[in-house]
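Let's take a walk through this model together, starting with a helix and ending at the ligand. Have your viewer ready so that you can follow along.

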Amino acid sequence: MLTSPISSVLLPFWLDVSNHANAIRLHCRPVYLTCTAARSRSSSFTWSSGGGTFELTGAALNKALQYAPTNGMPELTKWLSALQKKMHAPSGNESLSHDILITPGSQDGLCKIFEMILNPGDSIVLEEPSYPGTLAGLRPFDLKYISVETDGGGMRVDSLERAMSKWSPADALNPASDIPKLIYLQPSSSNPTGVAIAPERRLPILQIAKKYDMLVIEDDPYYYLNFAKEFPRSFLSLDNDGRVLRLDSFSKVLSSGLRLGFVTGPKPLVDRVALHLQVSSMHCSSLSQTLAFQLLNQWGVDGFLAHARGVADFYRSQCEHMLAAANKHLKGLADWNVPTGGMFLWLKARGIADTFGLISEKALAKQVVLVPGNAFYADDAAPSPFLRASFSSVSPAQMDEPAPAFVARRDSAVTTRGGAGAKLNAFD
Ligand SMILES: Cc1ncc(COP(=O)(O)O)c(CNc2cc3ccccc3n(O)c2=O)c1O
C-alpha cells in the first residue's frame with residue numbers, strides 16, 4: 001500500500017487507467033484528502049479517494065486522444081481566459097485583447113517566445129541571478145546579456161535605467177542597433193532568490209520597457225505560491241500598450257507531469273508564438289488538456305484559487321521549517337533571503353568563493369541535493385558563493401537533520417569563531 005504524504009497534499013487528482021475497458025476514469029479530490037494507492041495484480045491501477053469521478057468515454061475520449069488546435073482545446077482556453085480576466089484584467093485599455101496559447105510547460109513557452117523574437121547576437125535584459133532553464137534556452141543565440149542587479153525588492157529600477165542609458169529610444173527604430181528587444185523577469189518569488197519584484201517597481205520597469213520599445217517576458221510559475229494572501233498586480237495587468245507576454249504554469253499547482261503551461265498576451269504576438277509551436281510539437285497533449293479541464297471545470301475559477309491557496313499554505317509551512325533549520329544549523333556559516341513564496345531558499349556561504357565543489361562532491365556524497373550558484377548566472381564559469389536549496393519535497397525532519405560531519409565542523413567553527421576563518425565545509 002503506497003501512501004505518499006507529500007503527493008497526497010499536492011496532487012488534486014488520480015487516474016484509474018484500466019487497460020481492459022475503453023475508458024479513463026479521473027478521481028478528483030475536493031481539496032487535500034489523503035489518498036492511498038493499491039497496486040492490483042493486473043496491469044491497471046486503481047486509486048481510491050474521496051471527491052468526484054470523471055469517466056472519459058466515447059466522443060470525449062476520442063477527442064482526448066486526437067489532434068487539437070495549436071492554441072489549445074477551446075474549452076480549456078476559454079476557462080483560462082476567464083481566470084486571466086479575473087487575475088490580470090488589463091488596466092483600462094479594454095481594446096487590448098489578450099489571447100491564450102497552451103504550451104507543453106512554460107519552459108516550452110519560453111523557448112518558443114525566444115525563437116519568435118531573438119536573432120543570434122541580439123541583446124537581452126535579464127535580472128541576475130536568473131532561472132537556469134531560461135539561460136539554457138537563450139544560450140544557442142549567443143546573446144549579449146544586459147544584467148540588472150536585484151535586491152530584496154527584486155529587479156532594481158536604477159540598475160535597469162543605468163543599463164539602458166547606453167542607448168536612446170531612437171535606437172529602437174534602427175534595425176542596425178544592438179538595443180535589447182526584450183526584458184526577461186520573474187515577478188513572483190523568483191527562482192532562485194525567492195524574492196518578488198516590489199509592487200512599486202513594476203510600473204517604472206514597464207515604463208522603461210515602453211521608453212525603449214522592449215517586450216516584457218513575465219515568467220511567473222510561482223504566482224500562486226505567494227505566501228501573502230493578496231496578489232500584487234502583474235505586469236500583464238499593468239500593460240496598456242500590448243508589450244507583455246506572460247507565462248503561467250500548472251506544474252507548481254496541479255502537476256508538473258501534465259506538462260501544461262500557457263502564454264497570455266496581445267493576440268498579434270501570441271499568434272506568432274503559436275506558429276513556432278505549430279511546427280514543433282503542433283500542440284500541447286490533448287489528454288493532458290482534457291484531464292486538466294475536467295478538474296478545473298468541476299472546481300471553477302474560485303475552486304481552483306482555493307486549491308492554489310492550499311498549495312501556497314503547504315509551501316509556506318515547508319519554508320518555515322527550512323528557515324528554522326537554517327537558523328539552527330547555519331548561523332554564522334551562511335546568509336539567506338526570507339522567501340516571499342515559491343519553493344527555494346537562496347543562500348550565500350561565508351568564507352567560500354565557489355560552492356560548486358562543496359555541492360557537486362561533498363553534499364552529493366551525503367545525498368544532499370543542492371544547486372551551486374554559478375548555474376544561475378549567464379557566465380556560469382565564474383565562481384559563486386551562492387547555492388539554492390529547495391523545500392518542495394523534503395520533510396521537516398530531513399531539513400533538520402545535519403550531516404554528522406557538518407555538526408562537527410560547525411561546533412569547531414563555534415570555538416574558533418573568527419568569522420572569516422569559519423568554513424562551510426559542511427561535508428568534509
Ligand atoms: C522560473 C521558471 N520558469 C519556468 C519553469 C518551467 O516550468 P514548467 O515547464 O511549466 O514545468 C521553471 C521550472 N523550474 C525548474 C524545473 C525543474 C524540473 C526538473 C528538475 C529541476 C527543476 N528545477 O530546478 C527548476 O528550477 C521555473 O522555475
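Before we begin, one cut-off is worth having in mind: contact here means heavy atoms within 4.5 Å. Please also remember that this is a predicted model.

Our starting point is helix H11, which spans residues 356-365. Leu358, Ile359 and Ala363 are its buried residues. Viewed down the axis of H11, these buried residues fall within an arc of 85°, so they line one face of the helix. The general geometry helps here: an α-helix has 3.6 residues a turn, so residues three or four places apart point the same way. Strand E17 (371-372) and strand E18 (386-390) are among the elements that cover the buried residues of H11. Now turn to the face of H11 that points away from its buried side, and you will find Glu361 and Ala365, which are exposed. Beyond the helix, H11 is followed by glutamine 367, with a positive phi near 60°.

Now let's move on to the ligand. Around the ligand there are 15 residues, of which Asn191, Tyr222, Ser249, Ser251 and Arg259 come nearest. By type, this shell divides into four nonpolar, seven polar and four charged residues.

Which side chains place polar atoms by the ligand's oxygen atoms? For serine 106, a polar side-chain atom lies 2.8 Å from a ligand oxygen. In asparagine 191, a side-chain N or O atom is 2.7 Å from an oxygen atom of the ligand, and for tyrosine 222 the corresponding distance is 2.4 Å. On its own, the ligand has 590 Å² of accessible area, and the protein covers 69% of it.

Technical notes. Residues are numbered from 1 along each chain as its sequence is written. This is a predicted model: local features need pLDDT of at least 70, side-chain atom pairs count only at pLDDT 80 or more; totals for chains, interfaces and linings use all residues. Side-chain values use heavy atoms; hydrogens and water are left out. Buried means under 20% relative accessible area, exposed over 50%, partly exposed in between (1.4 Å probe, protein chains only). Helices (H or I, at least four residues) and strands (E, at least two) are DSSP runs, numbered from the N terminus. The arc is that of the directions from the helix axis to the C-beta atoms. A residue is near a molecule or strand if one of its heavy atoms lies within 4 Å of it. A polar contact is a pair of N or O atoms within 3.5 Å; within protein, one must be able to donate a hydrogen and the other to accept it, and residues adjacent in sequence count only if both atoms are side-chain atoms. Accessible areas come from the Shrake-Rupley method with a 1.4 Å probe; for residues, only the protein chains shown count as cover. Ala, Val, Leu, Ile, Met, Phe, Trp, Tyr, Cys and Pro count as nonpolar, Asp, Glu, Lys and Arg as charged, and the others, Gly among them, as polar.
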